[in-house]
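Please consider the sequence and the three-dimensional structure shown below. The paragraphs after them lead through the arrangement of the strands and the packing of selected side chains.

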Amino acid sequence: QVPLVESGGGLVQPGGSRRLSCAASGSIFRINDMGWYRQAPGKQRELVASITSDSFTIYGDSVQGRFTISRDDYKKTVYLQMNNLKPEDAAVYYCNVVGSDTYMRRFDSWGQGIQVTVSS
């Protein structure tokens, strides 16, 4: 496992925007897939967006057209730009990074979770 540090959460008004960041650190040889998931109270964790090493992206139906995932491999960071936020987007957002370390061991790491609250 490699440490992941998420940032950018907080309170935002409906219709507003927010950008989440997740930085990986440690002895990383290669990062493959990076993604964001979220979990609202009483609901299962769901995929928000993911991006491959070739920058192929997948979005959850509820965020398609409003959220954009991107990555900076030099910084080992994945971003989630969230626009036109809705109250139903409120959740704890988790970053996920899959890759291999310098010993060629596969890792599948999760961030600690960051709260996004959408409310007026």
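The account below begins with the core and then turns to the strands, the disulfide, the rings and two serines. The coordinates come from a predicted model.

The largest nonpolar core contains 30 residues, among which W36, L80 and Y93 touch the most other members. Two or more residues of this core come from each of the elements β3 (18-24), β4 (28-39), β5 (46-51), β7 (67-72), β8 (77-82), β9 (91-101) and β11 (114-118). In soluble globular proteins, nonpolar side chains tend to be buried together. The surroundings of Y93 illustrate how distant parts of the chain meet: when neighbours within four places in sequence are left aside, Y93 is in contact with E6, L20, W36, Y37, R38, V48, F67, L80, M82, G113, I114 and V116. Thus W36 and L80, named above with Y93 for their many partners in the core, are also among the contacts of Y93.

Strand β9 deserves separate attention. Of its 11 residues, 10 are buried, and β9 is therefore largely enclosed by the rest of the structure. Its pairing with β4 is antiparallel and extends over 9 bridges, with G35 standing opposite N96 of β9. Strand β10 (residues 106-110) also pairs with β9 in the antiparallel sense, through 5 bridges; here V97 has S109 of β10 as its bridge partner. The hairpin formed by β9 and β10 has 4 residues between the strands, and within this hairpin M104 adopts a positive phi near 65°.

A further partner of β9 is β11, to which β9 is joined by 3 bridges in an antiparallel arrangement. In this pairing V92 stands opposite Q115, while I114 is the bridge partner of Y93. On its other pairing, β11 runs parallel to strand β2 (residues 10-12), again over 3 bridges, and G10 stands opposite V116. The two faces of β11 differ in their surroundings: I114, V116 and V118 form the covered face, whereas Q115 and T117 form the uncovered one.

How many disulfides does the structure hold? There is 1, formed by C22 and C95, whose sulfur atoms are 2.0 Å apart. Because C22 belongs to strand β3 and C95 to strand β9, the pair ties together parts that are 73 residues apart in sequence. The torsion about the S-S bond is about -80°, so the disulfide is left-handed. Both C22 and C95 are buried.

Interactions that involve aromatic rings come next. A search of the whole structure yields 1 aromatic pair. In addition, R45 is placed over two rings: its charged end sits over the ring of Y94, 3.8 Å from the centre, and R45 also lies over the face of W110, at 4.9 Å from the ring centre.

Two serines may finally be set side by side. S100 lies in strand β9 and counts as buried because its relative accessibility is 14%, under the 20% limit. Beyond its neighbours within four places in sequence, S100 is in contact with I28, F29, R30, R105, R106 and F107. S25, by contrast, is located in the loop between β3 and β4 and counts as partly exposed because its relative accessibility is 33%. Not counting residues up to four places away in sequence, S25 touches V2 and P3. From S25 to A91 the separation is 66 residues in sequence and 25 Å in space, C-alpha to C-alpha.

Conventions
Residues are numbered from 1 along each chain as its sequence is written. This is a predicted model: local features need pLDDT of at least 70, side-chain atom pairs count only at pLDDT 80 or more; totals for chains, interfaces and linings use all residues. Side-chain values use heavy atoms; hydrogens and water are left out. A nonpolar core is a set of buried Ala, Val, Leu, Ile, Met, Phe, Trp, Tyr and Cys residues joined through side-chain atoms within 4.5 Å. Buried means under 20% relative accessible area, exposed over 50%, partly exposed in between (1.4 Å probe, protein chains only). Contact means heavy atoms within 4.5 Å. A disulfide is a pair of cysteine sulfur atoms within 2.5 Å. Two strands pair if DSSP finds at least two bridges between them. Rings of Phe, Tyr and Trp (its six-membered ring) pair if their centres lie within 6.5 Å; planes under 30 degrees apart count as stacked, over 60 as edge-to-face and the rest as tilted. A charge sits over a ring if NZ of Lys or CZ of Arg is within 6 Å of the ring centre and within 35 degrees of the ring normal.
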